[in-house]
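Let's walk through a structure together, one feature at a time. Have the viewer open and follow along.

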Amino acid sequence: MARQNLQSKSMIEAVTNSSATQLQQDVMIVFTGTHHHYVTPKFYTETKPATSKVVPTWNYSAVEVYGKATVYYDSSTLETSDYQSKQIHDLSQLCETSIMGYTGQQGKPELWSVTEAPEKYIDTIKKNIIGVEITIESITGKFKMSQELCQGDRDGVIEGFSKLESDVGTHIAAMVKERGDIQASAKNGAVLPSK
């Protein structure tokens, strides 16, 4: 995390005031699904014509991770420097291979390595970042994909998103159908396989 980030400053202040590198309070990190979207009330083909008791909403999926945070903020210490070096290396390698496809195999370019940059330059960069390591204590997740709606409104949402003819629309339509089917099966007492 960038040292200039307001959250970084709050974390550094919290740990320097407690003489420990672990924050006393729990932290929460939210990971949102790739596809999320505004839902217009016009998609509610059953409830809107019958009662007009509809409002806009947002469909999304998210995972919340709770735990304790250890903050590595002083790059002049060996512990922080080693932690930052490993994180910079690992993240660079992950992005070079999985995002860029650089593997050096089958005609693909070689991946970039942190060792290609001058060591003093990397040391300067490390002064401007803090490392945050989360020890996970619990994880929760949520799908809000119109599954709580009646079948007619869900069908309208599926049709509405399908008509957007976009990757997001197609994905949301499929998720609304999947989560609606799971909700309906659960109401009918079916035992569902876990994914």
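**Reading contacts, strands and charges**

A: Let's start with one residue and its surroundings: leaving aside residues up to four places away in sequence, Glu 96 touches Gly 101, Tyr 102, Leu 111 and Trp 112. Please keep in mind that this is a predicted model.

Q: Which helix holds Glu 96?

A: Glu 96 belongs to helix α3, which covers residues 78-99.

Q: Is Glu 96 buried or exposed, and what is the nearest side chain of opposite charge?

A: The general idea comes first: side chains of opposite charge can pair when their charged atoms come close. Now the case here: Glu 96 is buried and has no salt bridge. Its nearest side chain of opposite charge is Lys 108, 12 Å away. A salt bridge needs a side-chain nitrogen within 4 Å of a carboxyl oxygen, so a separation of 12 Å does not qualify.

Q: How many salt bridges does the structure hold?

A: There are six. One of them links Asp 90 to Lys 86, with the closest N and O atoms 2.6 Å apart.

Q: Where do Asp 90 and Lys 86 lie?

A: Both are in helix α3, four residues apart, which is about one turn of the helix. As for accessibility, Asp 90 is partly exposed because its relative accessible area, 31%, falls between the 20% and 50% cut-offs. Lys 86 is partly exposed too, with 49%.

Q: Which residue forms a salt bridge with Lys 163?

A: That is Glu 159, and the N to O distance is 2.9 Å. Lys 163 and Glu 159 both sit in helix α5 (residues 151-163), four residues apart, again about one turn of the helix. Here the two partners fall into separate accessibility classes: Lys 163 is exposed, at 58%, whereas Glu 159 is partly exposed, at 43%.

Q: What are the closest N and O atoms of Glu 178 and Arg 179 telling me?

A: They are 3.9 Å apart, and the pair forms a salt bridge. With the cut-off at 4 Å, this pair is counted because 3.9 Å is within it. Glu 178 itself is partly exposed, with a relative accessible area of 25%.

Q: Let's turn to strands. In what sense do β1 and β3 pair, and over how many bridges?

A: When reading strand pairing, look for the direction, the bridge count and then a pair of residues facing each other. Strand β1 (residues 27-32) and strand β3 (residues 57-72) are antiparallel, with six bridges. Met 28 stands opposite Tyr 66 in β3.

Q: Which strand is joined to β3 by 13 bridges?

A: That is strand β4 (residues 131-144), and β3 and β4 run antiparallel. To find this pairing in the viewer, look at Ala 69, which stands opposite Ile 134 in β4.

Q: How many bridges are there between β2 and β3?

A: Three, once more in the antiparallel sense. Among the paired residues is Val 39, whose bridge partner in β3 is Thr 57.

Q: Where does Tyr 38 lie, and which residues does Tyr 38 touch?

A: Tyr 38 lies in strand β2, residues 37-39. Beyond residues up to four places away in sequence, Tyr 38 touches Pro 56, Thr 57, Trp 58 and Phe 161. Take Pro 56: it is 18 residues from Tyr 38 along the chain, and their C-alpha atoms are separated by 7.3 Å.

Q: Why does Tyr 38 count as partly exposed?

A: Because its relative accessibility is 40%, a value between the 20% and 50% cut-offs.

Note on methods. Residues numbered from 1 in each chain as written. Predicted model: local features only at pLDDT ≥ 70, side-chain atom pairs only at ≥ 80, totals over all residues. Heavy atoms only, no water. Helix = DSSP H or I, 4+ residues; strand = E, 2+ residues; numbered from the N terminus. Buried < 20%, exposed > 50% of the residue type's maximum accessible area, 1.4 Å probe, protein only. Contact = heavy atoms within 4.5 Å. Pairing = 2+ DSSP bridges. Lys, Arg positive; Asp, Glu negative; His and termini not counted.
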